[in-house]
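Welcome, and please load the model in your viewer with a cartoon and sticks ready to toggle. We will go from the interior to the charged pairs and finish at a hairpin.

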Amino acid sequence: TPTAAVFIPNTGQFKGPHQFQAGFGKTTLFFEKDGVRIALLDAESMHQANHQGVSNEKGSVVKGHNLRLRLMGGAALALQGEGQESRAPFHYLLAQERWTVRPTEKLRYREVYPGIDLLWQVAQGKMKYDFELKAGANPALIRLKYEGADAVSLRKGQLLVKTSVGDWLEAAPVAYQMQGKYRISVPCQFV
């Protein structure tokens with residue numbers, strides 16, 4: 001589970017169809033119009049390649065596993081960075097091209113389902129996503145699918161996604177509605 005990240009807009013400095021990218025430790029997330037690609041690297045092979053100079057005739061090998069988190073039946077919409085922009089811009093140089101971008105602290109998919117936004121952010125040192133529903137929106141429309149996983153199961157209310165380089169664990173979902181300034185819990189769970 002990640003510990004810190006910023007959302008870097010892709011203005012051409014990265015190859016691929018993703019509009020934003022967030023990286024931390026052994027994980028990189030690529031935010032696309034209809035979901036998120038998750039690239040996981042094996043910590044042990046990364047350590048060997050980076051710190052012990054492991055090589056052979058083919059060079060150093062770092063094991064990895066790719067997942068895709070898809071919004072099933074959701075709209076394919078553009079993403080929007082939100083929140084505080086980083087004071088320190090990121091600079092990229094590739095051949096004769098240069099890019100300067102300012103990462104944001106949040107990333108929003110608007111209207112992924114009618115009346116429902118998807119917000120990604122780092123909160124309490126962890127990467128998380130929230131579905132924000134407007135009054136009258138139907139939460140039963142929300143359906144996510146992990147593609148590329150070795151197995152997906154529930155463990156004590158959490159979603160356990162098994163991969164060839166370790167587990168990706170999602171905390172049990174929490175739902176609430178605001179009534180004035182009060183947060184009222186609403187039952188929810190992964191199914």
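A nonpolar core is, for this tour, a set of buried Ala, Val, Leu, Ile, Met, Phe, Trp, Tyr and Cys residues joined through side-chain atoms within 4.5 Å. Keep in mind that what you are looking at is a predicted model.

**The whole chain**

Begin with the cartoon of the protein chain, where you will find one helix and 17 strands. Now colour by burial: of the 191 residues, 32% are buried. If you switch on a surface, its accessible area comes to about 12,000 Å², with 51% belonging to carbon and sulfur atoms. A contact map is a handy companion here: among contacts with a separation of 6 or more, 46% are between residues 24 or more positions apart.

**Into the core**

Which two residues touch the most other members of the largest nonpolar core? Select Phe 31 and Trp 120, which hold that place in a core of 29 residues. Next, highlight the elements that each give two or more residues to this core: strands E2 (20-24), E3, E4, E5, E9 (104-113), E10 (116-123), E11 (126-133) and E14 (158-163). Strand E9 provides the largest share, with four residues.

Stay with Phe 31 and show what surrounds it. Leaving aside neighbours within four places in sequence, Phe 31 is in contact with residues including Phe 7, Phe 20, Val 36, Leu 79, Leu 107, Tyr 109 and Trp 120. The polar residues His 18, Gln 19 and Gln 21 are also among its contacts.

**Charged pairs**

Side chains of opposite charge can pair when their charged atoms come close. The structure holds 12 salt bridges, and we will visit a few.

Select Arg 68 and Asp 34 to see a salt bridge whose closest N and O atoms are 2.5 Å apart. This pair links distant parts of the chain, 34 residues apart: Arg 68 sits in strand E5 (residues 64-71), while Asp 34 lies in the loop between strand E3 (27-32) and strand E4 (35-41). Is each partner buried or partly exposed? Arg 68 is buried because its relative accessible area is 9%, under the 20% cut-off. Asp 34, at 23%, is partly exposed.

Now pick Arg 37 and Glu 32, whose side chains meet in a salt bridge at 3.0 Å, N to O. Here the acid is the buried partner, with Glu 32 at 7% relative accessibility, whereas Arg 37 is partly exposed at 39%.

For another example, go to Asp 167 and Lys 162, which form a salt bridge at 3.4 Å, N to O. Both partners are partly exposed: Asp 167 has a relative accessibility of 42%, and Lys 162 has 37%. Then select Glu 32, Asp 34, Arg 37, Arg 68, Arg 70 and Glu 147 together, since salt bridges that share partners join these residues into one network.

**A hairpin to finish**

Move to strand E16 (residues 175-179), which runs antiparallel to E17 and is joined to that strand by five bridges. Ala 175 stands opposite Val 186 in E17. The two strands form a hairpin with two residues between them, and Gly 180 in the turn has a positive phi of about 65 degrees. How many of the five residues of strand E17 (residues 182-186) are buried? The number is zero, so strand E17 lies largely in the open.

Notes: Residues are numbered from 1 along each chain as its sequence is written. This is a predicted model: local features need pLDDT of at least 70, side-chain atom pairs count only at pLDDT 80 or more; totals for chains, interfaces and linings use all residues. Side-chain values use heavy atoms; hydrogens and water are left out. A salt bridge is a side-chain nitrogen of Lys or Arg within 4 Å of a carboxyl oxygen of Asp or Glu. Buried means under 20% relative accessible area, exposed over 50%, partly exposed in between (1.4 Å probe, protein chains only). Contact means heavy atoms within 4.5 Å. Accessible areas come from the Shrake-Rupley method with a 1.4 Å probe; for residues, only the protein chains shown count as cover. Two strands pair if DSSP finds at least two bridges between them.
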